[in-house]
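The following exercises concern the domains, the sheet and the cavities of one protein chain. Please study the sequence and the model before reading each solution.

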Amino acid sequence: MANVILVGAQWGDEGKGKIIDVLTEQADIVVRTQGGNNAGHTVFVGPSKYVLHLIPSGILRSGKVCVIGNGVVLDPVGLVNEIDGLAKLGVHVTPQNLVISETAHVVFPWHRELDGQREVRKGNRKIGTTKRGIGPTYGDKAARVGLRVIDLVNAARFPARFRERLEENNEILRALGAQPIDHDSVLADYTRCADRLRPFVANTVVMLHEATRRGANILFEGAQGTFLDIDHGTYPYVTSSNTTSGGASTGSGVPPNRMDRVMGVMKAYTTRVGEGPLPSENAEISDLLHGMGREFGATTGRMRRCGWFDAVATRHAAMVNGIDELAVTNVDGLDSLKTILVCTAYRVDGQVLRHIPSDAEVLARCEPVFEEFPGWDTPTDGIRRWEDLPVPCRHYLLSIAQMTGARLSIVSVGPAREQTMFL
Ligand code: IMP
């Protein structure tokens with residue numbers, strides 16, 4: 001399989017969890033390189049449903065090593081809960097199958113509180129964050145005042161650094177009229193989690209280099225999606241990390257010339273959670289998908305906004321990520337439609353745009369230019385071979401791949417592992 005970077009080609013929630021799980025069969029190591037427990041990767045194995053937030057999806061297959069890389073922001077309480085939750089489902093997370101980077105930054109309760117406070121203050125310009133403290137934690141990292149896992153697990157120095165950071169942040173919270181964070185209970189929680197997590201912590205950069213020298217196959221599992229990237233997304237309606245393929249290198253320490261392939265995952269239509277522009281948003285397809293019980297967020301349970309497939313956006317995603325291959329998911333979501341629309345360009349201020357504009361305010365005014373495709377109006381969730389898909393369905397999938405500019409290699413018609421076709 002070589003070293004593969006998997007990225008979301010839209011606004012997150014492309015169904016990456018399932019594709020990662022399927023690809024993991026051929027991988028030795030699965031690495032998360034950015035984001036935190038804002039992510040929610042849903043994976044179905046037989047009758048069981050797992051929602052993973054911080055732990056790479058590779059944890060569900062035995063014999064694989066999962067790595068939480070240096071680019072991740074880690075909430076230790078959330079991670080310990082996730083480990084315990086998986087144990088209840090019969091998945092045992094041990095230092096043999098999970099390794100945590102010592103240089104990942106740690107999320108604290110003041111980050112979550114500040115995340116919420118900033119959203120309230122933004123009023124109707126709010127981002128619609130997951131309120132997991134992601135932005136403030138990356139903010140501290142960039143400002144060089146963050147605490148890292150290496151500080152958390154160092155019992156001798158953690159209490160003093162914790163107190164210093166807590167006092168500084170409590171001053172900010174008081175100034176905002178918010179509740180300050182309690183020192184003793186939070187220190188006790190973090191110390192307990194540090195004790196639990198210490199055996200998992202290592203220098204993952206050295207570990208991954210040794211693995212590449214041995215010829216191990218590494219899967220870099222992206223979280224969120226291209227248009228939530230802090231540099232390439234619809235700023236400011238983005239998350240605070242590099243969700244695009246470059247983030248896999250900086251977030252793991254494995255250099256770009258050790259990467260072999262980039263796979264982009266996209267839905268057969270478009271969704272977005274949170275605020276920000278979504279040019280192909282459409283009430284008909286939203287009602288259809290929500291009516292089917294689909295498109296509710298895995299982390300916050302929020303209803304996702306839905307739209308037709310946006311080829312302008314995915315073409316841009318193919319460009320910035322260097323996508324070689326595409327996996328298209330949720331094809332069965334369109335099964336009942338007689339006609340399907342695809343956004344092929346945007347119209348704004350009397351101009352037709354073939355590229356996504358950088359200004360979110362301009363993007364918000366863009367009207368979609370649609371091309372119509374015949375639907376297949378027949379269930380696909382029971383189909384297991386590409387050749388058996390209805391002709392209009394294959395035509396649609398090949399067309400959106402061609403518009404995106406990459407080779408179609410995986411098609412998914414449902415959440416189960418076996419509902420996956422390889423071309
Ligand atoms: P944050 O990452 O919590 O700061 O949220 C910033 C934006 O990214 C919001 O619009 C969130 O809804 C969105 N977001 C963050 N994580 C995910 C994800 O895993 N899937 C989809 N959207 C996400």
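**Exercise 1.** State into which domains the protein chain of this predicted model is divided, and describe how domain 2 and domain 3 are placed relative to each other.

*Solution.*
Step 1. The division gives domain 1 (4-103 + 200-262), domain 2 (106-197) and domain 3 (266-422). Domain 1 is thus written as two segments, 4-103 and 200-262.
Step 2. Taken over C-alpha atoms, the centres of domain 2 and domain 3 are separated by 37 Å.
Step 3. Contacts exist between these two domains: six residues of domain 2 touch five residues of domain 3, with heavy atoms within 4.5 Å.
Step 4. About 400 Å² is buried between domain 2 and domain 3, and 45% of this area lies on carbon and sulfur atoms.

**Exercise 2.** Determine the strand order of the open sheet of ten strands, and explain why β9 and β20 each have one side without a neighbour.

*Solution.*
Step 1. The order reads β9-β7-β5-β2-β10-β1-β11-β15-β19-β20, and the pairing is mixed.
Step 2. β9 (201-202) and β20 (420-422) stand at the edges; each has a single partner strand, so one side of each has no neighbour in the sheet.
Step 3. In general, strands of a sheet pair through backbone hydrogen bonds, in a parallel or an antiparallel manner.
Step 4. Strand β2 (residues 29-32) and β10 run parallel and are joined by four bridges. Within β2, V31 has F220 of β10 as its bridge partner.

**Exercise 3.** Identify what lines the largest cavity and which strand gives the most to this lining.

*Solution.*
Step 1. The structure contains two cavities of 30 Å³ or more, and the largest holds about 50 Å³ of space.
Step 2. Its lining consists of I5, L6, V7, T33, Q34, F220, E221, G222, N242, T243, T244 and A248.
Step 3. Both β1 (4-8) and β10 (218-221) supply at least two lining residues. The greatest contribution comes from β1, with three residues.
Step 4. By class, the lining comprises five nonpolar, six polar and one charged residues.
Step 5. F220 links this exercise to the previous one: F220 lines the largest cavity and is the bridge partner of V31.

**Exercise 4.** Describe the second largest cavity by its volume and its lining.

*Solution.*
Step 1. The volume of the second largest cavity is about 30 Å³.
Step 2. The residues V106, F108, W110, H111, D140, V145, G146, L147 and R165 form its lining.
Step 3. Sorted by class, this lining has five nonpolar, two polar and two charged residues.

Terms used:
Residues are numbered from 1 along each chain as its sequence is written. This is a predicted model: local features need pLDDT of at least 70, side-chain atom pairs count only at pLDDT 80 or more; totals for chains, interfaces and linings use all residues. Side-chain values use heavy atoms; hydrogens and water are left out. On a 1 Å grid over the protein atoms alone, a cavity is a set of points where a 1.4 Å probe fits but cannot get out, and a pocket is an open set with protein on both sides within 12 Å along at least five of seven lines; lining residues have an atom within 4 Å of a point. Grid points are joined across faces, edges and corners, and a volume is the space filled by probe spheres set on the points. Ala, Val, Leu, Ile, Met, Phe, Trp, Tyr, Cys and Pro count as nonpolar, Asp, Glu, Lys and Arg as charged, and the others, Gly among them, as polar. Two strands pair if DSSP finds at least two bridges between them. Domain bounds come from an automatic or database domain assignment. Buried area is the accessible area (1.4 Å probe) that two parts lose on being put together, summed over both.
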